[in-house]
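Subject: Structure handover and findings

Dear colleague,

I am passing on the structure we talked about, so that you can look at it alongside my notes. Please open it first and then read on.

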Amino acid sequence: MTLENLLAIRQLKAHSAEPISLRKLLDAARRNLADARFDQISSDNRFDAGYKCVMQCAMIGLWASGYRTSTSQPGHHQTAIQCLIHAMEVPRDDIIVLDALRRQRHLTDYEGDPVSEATLKACIDHAAGLLLHTEQWLHARHPEVFPL
């Protein structure tokens, strides 16, 4: 499924983001990753901060590509993560892990399941990798986001 197909079935909407909006979202992703690494708070909250970083990176990819998720549609987090392959050429293996983290976030938020140390580490590692990928992708494809 392409981004255009997802637009046609209303999973995505057209969106025009200004460079400043992309920079602000990138800064928020950086702050969330820093919070996820702060070991003085609970694993659940650190996981949540890492997951927010992932979602903010996914939004950056969509926004910079001219789209945003349709938040009125169910599954918009899943859509955003799965669009990473099209929006920023994130490898499929990474998408699989990020989607598993999305499912864990759902269990933690809505069923109270605790986050294991291994899952927290995976979340932080993958959030850091995705943030680096996002920064490199923006520098290469959208240099206007980084004024001199």
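What follows goes from the overall fold to the charged side chains.

Please keep in mind throughout that this is a predicted model.

Overall fold

The protein chain contains seven helices and two strands, and, read along the sequence, these elements come in the order α-β-α-α-β-α-α-α-α. The radius of gyration is 15 Å, close to the 15 Å that the globule rule gives for 148 residues, so the protein chain is as compact as a globular protein of that length. If you prefer to think in terms of a box, the C-alpha trace spans about 40 × 35 × 25 Å along its principal axes.

Of the 148 residues, 42% count as buried, and the accessible surface of the protein chain comes to about 8000 Å², with 52% of that area belonging to carbon and sulfur atoms. As for how the chain meets itself, among contacts with a separation of 6 or more, 71% are made by residues 24 or more positions apart.

Charges and salt bridges

The protein chain carries 16 positive and 18 negative side chains, and the centres of these two sets lie 6 Å apart. A search of the whole structure finds seven salt bridges, and I describe some of them here, beginning with helix α6.

Helix α6 covers residues 92-111 and holds both D99 and R103, which are four residues apart, about one turn of the helix. Their side chains meet in a salt bridge, with a distance of 2.7 Å from N to O. D99 counts as buried because its relative accessibility is 10%, under the 20% cut-off, whereas R103, at 42% relative accessibility, counts as partly exposed.

A second pair in helix α6 is R105 and D109, which are four residues apart and therefore separated by about one helical turn. R105 forms a salt bridge with D109, and the closest N and O atoms are 3.1 Å apart. Here R105 counts as buried at 18% relative accessibility, while D109 counts as partly exposed at 39%.

Elsewhere, salt bridges that share partners join D27, R30 and E135 into one network. Within this network, R30 and D27 both lie in helix α2 (residues 19-36), three residues apart, about one turn of the helix, and their side chains meet in a salt bridge at 3.2 Å, N to O. R30 is partly exposed, with a relative accessible area of 35%, and D27 is likewise partly exposed, with a relative accessible area of 35%.

The surroundings of E135

Where does E135 lie, given that it belongs to the network with D27 and R30? Its place is in helix α7, which runs over residues 117-141. E135 has a relative accessible area of 18%, and because this is under 20%, E135 is buried. Leaving aside residues up to four places away in sequence, E135 touches L26, R30 and F146, so you may wish to display those residues together with D27 when you look at the network.

Best regards

Key. Residues numbered from 1 in each chain as written. Predicted model: local features only at pLDDT ≥ 70, side-chain atom pairs only at ≥ 80, totals over all residues. Heavy atoms only, no water. Buried < 20%, exposed > 50% of the residue type's maximum accessible area, 1.4 Å probe, protein only. Contact = heavy atoms within 4.5 Å. Rg over C-alpha atoms; globule rule 2.2 N^0.38 Å. Areas by Shrake-Rupley, 256 points an atom, 1.4 Å probe, with all protein chains shown as cover. Lys, Arg positive; Asp, Glu negative; His and termini not counted. Charge placed at Lys NZ, Arg CZ, Asp CG, Glu CD. Salt bridge = Lys/Arg side-chain N within 4 Å of Asp/Glu carboxyl O.
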